[in-house]
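Biologist: Could you take a close look at one part of this model for me, the second largest pocket, and describe its lining together with the sheet that supplies some of its strands?

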Amino acid sequence: MPEIGDENIDYADRIAANADVEKGAWQRTLDDMEAMADELEEEGWNVIDIPASHTAPENPDAGQTDRFGFVYVIPDNYADEFSEAVEAGAFPSYRVFRQEMSSRVFMLTQYLDPDTETAILIAGSYEMMHAPALVKAAMREDEMFSHVQTIDGTVLGSFHHDDYTKFFPNPEKYENYVAEPNVGDHHDEE
């Protein structure tokens with residue numbers, strides 16, 4: 001806990017610096033999504049690119065069901081287009097692009113349906129400290145899911161993934177995960 005005085009300014013500066021780093025990482029994720037969408041469209045794909053309002057790692061013990069995976073909450077204005085695409089395609093292929101920044105993961109997931117030449121891109125971000133239970137479930141079940149819903153909880157679609165390591169390249173890292181200090185944090189030895 002910071003002490004009153006100059007330490008508070010330092011603490012506030014560190015929080016602000018971390019927020020700036022995360023804001024920059026989120027913007028890079030959105031820029032990457034836009035560039036990927038442009039590239040796929042040039043190749044003839046119909047692309048739906050969605051920045052998730054919220055992304056949460058959900059384990060089977062959370063909530064009212066035993067579902068698990070990433071839950072992406074998307075804005076209502078993307079719901080119809082997303083639902084129509086999911087109803088028309090199977091989306092057997094997926095790719096995950098991720099970047100860890102401090103204690104947060106910025107992720108871009110690409111769902112591909114070659115038959116309809118439709119690509120759904122969803123950008124999301126989550127705190128690593130919320131993922132260990134999901135990682136354990138994915139390892140135990142040897143599979144992973146993505147669920148897309150609106151803010152009111154209406155599930156618009158779910159995707160099955162046979163390789164959870166695309167989401168968690170080093171799953172053992174999450175086993176005893178401890179949040180890393182924020183940018184600029186330092187700990188004095190006593």
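Modeller: The model is a predicted one, and the description below should be read in that light. The second largest pocket holds about 170 Å³ of space, and 16 residues line this pocket, those closest to its centre being H54, T55, R104, S125 and Y126. By residue class, the lining of the second largest pocket divides into six nonpolar, six polar and four charged residues. At least two lining residues come from each of four elements, namely the helix α1 (6-42) and the strands β2 (54-58), β5 (104-113) and β6 (118-127).

Turning to the sheet, β5 and β6 belong to an open sheet of four strands, whose order is β1-β6-β5-β4 and whose pairing is mixed. The edges of this sheet are formed by β1 (46-51) and β4 (93-101), each of which pairs on one side only, and neighbouring strands are turned against each other by 15 degrees on average, with direction ignored. Between β1 and β6 the strands run parallel and are joined by six bridges; D49 stands opposite L121 in β6. Helix α2 (residues 79-88) packs on the sheet, where α2 touches β1 and β6, and the direction of this helix makes about 120 degrees with that of β6. Strand β6 thus appears in both parts of the description, since β6 supplies at least two residues of the pocket lining and is also touched by α2.

Terms used:
Residues numbered from 1 in each chain as written. Predicted model: local features only at pLDDT ≥ 70, side-chain atom pairs only at ≥ 80, totals over all residues. Heavy atoms only, no water. 1 Å grid on protein atoms, 1.4 Å probe; cavity = no way out; pocket = protein on both sides within 12 Å on 5 of 7 lines; lining within 4 Å. Points joined across faces, edges and corners; volume = space filled by probe spheres on them. Nonpolar A, V, L, I, M, F, W, Y, C, P; charged D, E, K, R; others polar. Pairing = 2+ DSSP bridges. Axes fitted to C-alpha atoms, helices over the stretch in contact; angles between N-to-C directions. Contact = heavy atoms within 4.5 Å.
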